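Reader: Hello! I am new to this structure and would love a close look at one part of it, with a little of what surrounds that part.

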Amino acid sequence: MIPTLIDCDPGIDDSVAIFFALGSGKLDVRAVTTVSGNLTADICAKNACQILELAGRNDIPVAKGPMKPLVRPYPRDPFSHGSDGLGELALSSSSREPDDIFAPDLIIEEANRHNSELVVLALGPLTNLALAVIKDPSLPQKIKRLIIIGGAFGFQSNGSTRATGDNPASEWNVYVDPEAAKLVFEAGFNLSAVGLDVATHPSIELSDHHRAALSAASNPQSEFLLGVVAFVERRGFRSYCGLIDSLAVAAAIDSQVLTFEPVAVAVETQSALSLGQTIVDRRDHFRWSNLPTIDSASEVNADRFFDLLIPSLTSPASVAKAR
């Protein structure tokens, strides 16, 4: 199994992704760290504890990061995940508290522990990763792969029409903390980005067959996803909204789910009109040579994605392990 750390901001789609990772039987989730994004990091940590308890995985440590981005105030989220951040599904409460360690420190600890084999799934803003790099600049060489949900890279039109930041051009995770995203993009990670081009692709929709399989399973994981889908669809959104972060999990499990292409990318950190936009330099001439190159998802095999996701929720392989 692949040693994995999930840095996230649960959040409905983050929570589905956690269930997916735990139930896949492929990822050994060593820790969950939370960042201020969909909600502030303290609420996200509480939600992560709740999701892990539902999955029977209280053995996994949870650490929270700072309450705000690196240099900016915490912004308003244009898409609400509900008053509790979990789709207002009246889940059983958890008495568990997050562990007494700062999230960036736990990221560094796990990277050191796993000898360049750790995969990090960053499902929210990149504040925790940025702080970890500031503390340990060698961190990118200690992490095997960093897979992020973030940005939009011009491969599909839905990257623009389904933009999630609080301006016409940005994606929420990068918009919240563009300075952190810029630092992480430039730090030298083996970085794969799943942008809105793919994460909100029209093919990422639950079919009637998927819904029937989830309903028949009648377990906490399946019921949670069905509840999330009902929550977003009542508000006029589509089911993909509950599945965005699960694309990062799928990418860690199966290299055939997503097609990645290298892009030279900059992050806008100044303009109010396009704050947080990920700008790709594709020019034939005069291209800037100082931009970091990352791998960006350009295509998705939706059938393969659902063939991984649905069994992981309906028949989860998650078993608590001694640490």
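Which residue in β9 does Ser192 stand opposite?

Author: Happy to help! Please keep in mind that this is a predicted model. The residue opposite Ser192 is Asp295, in β9.

Let us stay with strand β9 for a moment, which covers residues 293-300. Strand β6, residues 191-194, is joined to β9 by two bridges, and these two strands run parallel. β9 also pairs with β7, residues 258-267, through seven bridges, and here the strands run antiparallel. One place to look for that second pairing is Glu261, whose bridge partner in β9 is Ser296. If you follow the side chains by eye, one general point may help: in a regular strand they alternate between the two faces of the sheet.

From the strands we can turn to the helices, beginning with the aromatic rings. A pair of aromatic rings is described by the distance of the centres and the angle of the planes. The count here comes to five aromatic pairs. Among them is Phe19 with Phe224, whose ring centres are 5.6 Å apart and whose planes make an angle of 70°, an edge-to-face arrangement. Phe19 lies in helix α1 and Phe224 in helix α11 (residues 220-234), so this pair ties together parts that are 205 residues apart in sequence. Phe19 counts as buried, at 2% relative accessibility, and Phe224 is buried too, with a value of 2%.

Next comes the pair of Phe20 and Phe305. Their ring centres are 6.4 Å apart and their planes stand at 75°, so this pair is edge-to-face. Phe20 belongs to helix α1 and Phe305 to helix α13 (residues 302-314), so the contact links parts that lie 285 residues apart in sequence. Phe20 is buried at 0% relative accessibility, and Phe305 is likewise buried at 0%. Ring pairs also bring in Phe306, which forms a cluster with Phe20 and Phe305.

Helix α1 (12-23) turns up again in the largest pocket, which holds about 380 Å³ of space. Its lining is made of 24 residues, and those nearest the centre are Phe79, His81, Thr164, Trp172 and Ile244. Two elements give two or more residues to that lining, namely α1 and α7 (172-176). The largest share, three residues, comes from α1. By residue type, the lining divides into twelve nonpolar, five polar and seven charged residues.

Finally, a word on the cysteines. A disulfide is a covalent bond between the sulfur atoms of two cysteines. This structure has zero disulfides. What keeps Cys8 from forming one? Its closest cysteine sulfur is in Cys44, 7.3 Å away, which is too far for a bond. The sulfurs would have to lie within 2.5 Å to count as a disulfide. Looking from the other end, the sulfur of Cys44 has that of Cys8 as its closest cysteine sulfur, at 7.3 Å, and is again too far away to bond. As for exposure, Cys8 has a relative accessible area of 0% and so is buried, and Cys44, at 0% relative accessibility, is buried as well.

To return to your question, you can find the spot by locating Ser192 and looking across to Asp295 in β9. From there, Ser296 in β9 will lead you to its bridge partner Glu261.

Conventions. Residues numbered from 1 in each chain as written. Predicted model: local features only at pLDDT ≥ 70, side-chain atom pairs only at ≥ 80, totals over all residues. Heavy atoms only, no water. Buried < 20%, exposed > 50% of the residue type's maximum accessible area, 1.4 Å probe, protein only. 1 Å grid on protein atoms, 1.4 Å probe; cavity = no way out; pocket = protein on both sides within 12 Å on 5 of 7 lines; lining within 4 Å. Points joined across faces, edges and corners; volume = space filled by probe spheres on them. Helix = DSSP H or I, 4+ residues; strand = E, 2+ residues; numbered from the N terminus. Nonpolar A, V, L, I, M, F, W, Y, C, P; charged D, E, K, R; others polar. Pairing = 2+ DSSP bridges. Phe/Tyr/Trp six-rings, centres within 6.5 Å; stacked < 30°, edge-to-face > 60°.
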